[in-house]
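Hi everyone, thanks for making time this morning. I'd like to walk you through one model, so please have a look at the screen with me.

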Amino acid sequence: MSTPKRTERVTPASSETLLTMLETLPGALFVVDDTETIVYANASAQAMLGATPEAYLGSSFWRCATPLVSIALYQAVRKTRQTRTLTEVQYVSPVTQSWLHVHLASTVGGLMLQFHQMRAPAPRQETFPQGERLCINDLDGLQTGIGLLTPEGIVLDINAVPLDDAQVRREEVIGKPLAETSWWSFAPASQERLRAAIARASRGETVRFEALVRPREGMLLSFESVITPHMDANYHVEYLVIAGIDITTRKRAERDIHALIDAIPQLVWTGRPDGYVDSYNQRWRDYTGLSTEEAQGEGWMQCTHPQDRQRVLETWQRAVQNGEPYETEQRLRHGTTGEYRWFLMQATPYTDAQGTILKYIGTCTDIHDKKRAEAELRSLIDAIPQFVWIMRPDGSAEYANSRWCDYTDMTSQQYQGDGWLQAIHPDDRQRVLAGWQSAVQAGRPYEAEQRLRNGITGDYRWFLARGAPFKDAQGTILKYFGTSTDIDEQKQAEQKIKASEENLRVLAEMVPQLVWTKRPDGQFAYTNQRWRDYTGSTLEQLQSDQWAHLQFLHPDDHKGNRAHWLHALDTGDMFEYEQRLRNAHTGEYRWFLVRAMPVRDEVGQIVKWFGTSTDIDEQKRIEEALRQSQERASVLMNSNIIGIFADEREQIVDANDTFLRMTGYTREDLCEGRINWMQMTPPEYLASTQQAHQELAAQRSVTYEKEYICKDGSRLPVLAGGVALPHSPCKRIVFVLDNSARKELEQRKDDFISMASHELRNPLTAFKMQTQLARKRLERQSHHEAATALSRVEGPVKQLERLIGELLDVSKIQAGRLEYVWETVDLDALLQDITDTMQQTHPSHTIMVRGTVGTSLIGDRDRLGQVFINLISNAIKYSPDAETVEVDLSASEDAVTVHVRDHGLGIPREQCDKIFERFYRATDPRQRAIPGLGMGLYIVAEIVKGHGGTITVDSEAGKGSTFTVTLPRKRDT
Ligand code: ADP
């Protein structure tokens, strides 16, 4: 107590005077020091307080001068201390309800307060703002306890509600520290809470707290109190307003709720409308290991994962501000294990009938396992080499896996809603959306091919998107779960196939065949124009059923075609069948070779049949002709009349049975290459055979006679005809006819001729001699007439002689026994002799000899004479209407040449070679009318050959012939 120190400032002399003066002052006067402790009170003041000086001197003015205390006075005291000017205030005492007028003056180290009782003031003297006139008792209607406190907690005023509860008078309370009043003093805990709240409020903070109060014995209430500081113009706390409401009923209800909440097997908490989390249930506390007190307000942050704190707090505050439900996911730490688990935090505002939020009721649902499963599923989804997505029925995206995000280079924020459409190729968007809408409307799965943009390269790739609807119990589509698979390569391959199919189609239309394709079931899928033109049908007509094409086939081919197709479809083997197809325009059937190959996919499945029908009608005809000719050839080959062999050079490589039979060889001989025609040919036939072969090479075919030496050494005369194979001249086919019968006949004929000519010649010679003798005798006996008559026999006898001579020559030639007498022959002289003689005997023609040989040669004079006589006599004989026969002689260094030319009948060209054959005569009737036996030229040719020369004829029918004989000048004898 500092009272003595303060009184020392007044001198004793003056003090006395001053005190007397003060005592006499009207009204109550108080002097207080800086701590508002009463240091002096005059008599009026003592009377006003009704207490002795011991009771108030040195005590707090506010505690001792209870009947005077009011908020107005308190404000005036503070103002005076601050301004140090004279202040006055008038107010109604909260205790006495009487009007007081107070003058306040600042003194050294304190204040002087002078009180006057008064009646109600004149309105003009009003010194307080309107609001200050409101009496605290006016607030009693609120059923709220309200008090005004100094920043130290001393009650300046209090309304009737708490006074009634406590059954105390106002003056018993005013001026006392609130904490020491009966409401609070009963429990140190409540007292402590109040003091702490007052301390915080006096620092400028509005403080809310709950505490138990006991207004009187037996009355215990739960109070929710708010202390609000009142600031002056300089923001200094002037006084405090404390308001308290009875929340006992609410608390009880809350307790009940908490008991209920504690029974819920979930973590539950409640929050105030301002976001202050005020309670947690037992389970929550058990899990987190935190008490309600520890977790109250924002204390729950302690058990929230540090990484989640900021986000979760912001979400909670946002929900509270907007009065909306709260929902988020966060990790909560387990109090004992320290492990964090994921929880779904949800809170719903609980409102009164007016919609005012009273509380938030929150729950925490353990979703840790679900989260982990989700995370596992997510990593599984991310591992899928496809895009996985979830779409809402309205076409907005909800989720896309990271593969999708990586490819499109989009974040989950970017693809959300309809953002995903940006990744779709602009040309595909409309189609994709339309497909989506129709799938949703029909409630069916969604499927579409679409191009997706690679967000990094900007390239587009083809994807197949597939989604399945996920429906609730009512069948309403909630979501679509889908995947997108990269089908770009497949698509490109398809496009390539399409292009190559297009090429194939062009090709199919170009080729001269009927081209078509069938589906794996055998139905026609495509036919080229040629097919349609030929059959006169459309593709649709063919597609009526699998066997529709049979209508174009020859009835005899139906069964085979069907059987072949069934086999091919069954086994996948190539289809190949020859069948007749009807030409729609001509109605005729033509043969076609039908072939079809199965086309398989990469797994070997048949995807189509590719077929062609090739017109083989011509080929078929040729084949048939060939078959017939082969048949004929084989008849020929197998006939036992004609022997046939094929040879290559000297070797006989093939032969029919007849040839083998004719020559006595076996098939083994043939197979082992033991038949050699050179060895089979007798030496005398070698030359002619080789010549025949040369002719064969030149003319492709030749006929000649020869003999073969059979296996047993015997000789077989044959007539051989050779044909050279067109492309390999050294290969020949030789036909062999057994000529032995004819040869034998010929031999017999030759034998007969030989015999007959000999048999005729002897009697004729005898006859000639006898005739000559008889003529000579008649001549001698001068029977001239008889002699002349007899001489007429000589001509025919000569003719007969010549005939027989020729016959003999022929037989000699045949027997190879024509002999020559070699001598030097002067051909000019010989020809001159002959022509002279013949001119005499043949006066009908002029024989003209032109040129000379000018040399002699070695030959048989008679035989050469025989040659030219024969040629000249033929020239005369076969030119009955001509007048001349010309003989031209010429010579070269090596040979002499004689031409005998006539202008007669001539010889047809094709017979020119044959006239040198034995007994051959030209067939022309005019020639036939001229007598002859066809031996002359045979002998001539043989004699010329015997002289090493040649004879040829050049003739034209009706114009004449020229025979040319060429003889070598020198010859080896
Ligand atoms: P022939 O005794 O029949 O005359 P040749 O051997 O002399 O027999 O002649 C054979 C055939 O040749 C004759 O039958 C004749 O038809 C024809 N012939 C020969 N020489 C001539 C010729 N100068 N003019 C026309 N035909 C001829």
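Let's begin with one residue: aspartate 409 is partly exposed, at 48% relative accessibility. For that scale, buried means under 20% relative accessible area, exposed over 50%, and partly exposed in between, with a 1.4 Å probe and protein chains only. Aspartate 409 sits in the loop between helix H15 (402-408) and helix H16 (412-415). Its phi is positive, about 60 degrees, although aspartate 409 is not a glycine.

A word on the ground rules. This is a predicted model, where local features need pLDDT of at least 70 and side-chain atom pairs count only at pLDDT 80 or more, while totals for chains, interfaces and linings use all residues. Residues are numbered from 1 along each chain as its sequence is written, and side-chain values use heavy atoms, with hydrogens and water left out.

Glutamine 167 also has a positive phi without being a glycine, near 55 degrees. You'll find glutamine 167 in the loop between helix H7 (160-166) and helix H8 (182-185), and with a relative accessible area of 58% it is exposed. The helices and strands I mention are DSSP runs numbered from the N terminus: H or I with at least four residues for helices, E with at least two for strands.

Now zoom out with me. The protein chain has 33 helices and 37 strands. Its C-alpha atoms fill a box of roughly 255 × 60 × 55 Å along the principal axes. The radius of gyration is 78 Å, where a compact globule of 973 residues would have one near 30 Å; that value is taken over C-alpha atoms, and the globule rule is 2.2 Å times the number of residues to the power 0.38. Of the 973 residues, 43% count as buried.

On to the charged pairs. Side chains of opposite charge can pair when their charged atoms come close. I call it a salt bridge when a side-chain nitrogen of Lys or Arg is within 4 Å of a carboxyl oxygen of Asp or Glu, and by this rule the count comes to 59.

Which helix holds both arginine 195 and glutamate 192? They belong to helix H9 (residues 188-201), and because they are 3 residues apart there, about one helical turn separates them. Their closest N and O atoms are 4.0 Å apart. Arginine 195 is partly exposed at 39%, and so is glutamate 192 at 47%.

Another pair is glutamate 172 with arginine 169, at 3.6 Å between the closest N and O atoms. Glutamate 172 has a relative accessible area of 35%, and arginine 169 has 49%.

Arginine 461 and aspartate 488 meet in a salt bridge of 3.7 Å, N to O. This pair links distant parts of the chain, 27 residues apart: arginine 461 is in strand S19 (residues 460-471) and aspartate 488 in helix H18 (residues 488-510). Is aspartate 488 buried or exposed? Aspartate 488 is buried, at 7% relative accessibility, whereas arginine 461 is partly exposed at 28%.

There is also a salt-bridge network, made up of Glu705, Arg742, Lys743, Glu746, Asp750 and Arg918.

Last stop: methionine 678, in helix H25 (residues 677-680). Methionine 678 is partly exposed at 26%. Leaving aside residues up to four places away in sequence, methionine 678 touches Glu650, Leu686 and Gln690, where contact means heavy atoms within 4.5 Å. Thanks for listening!
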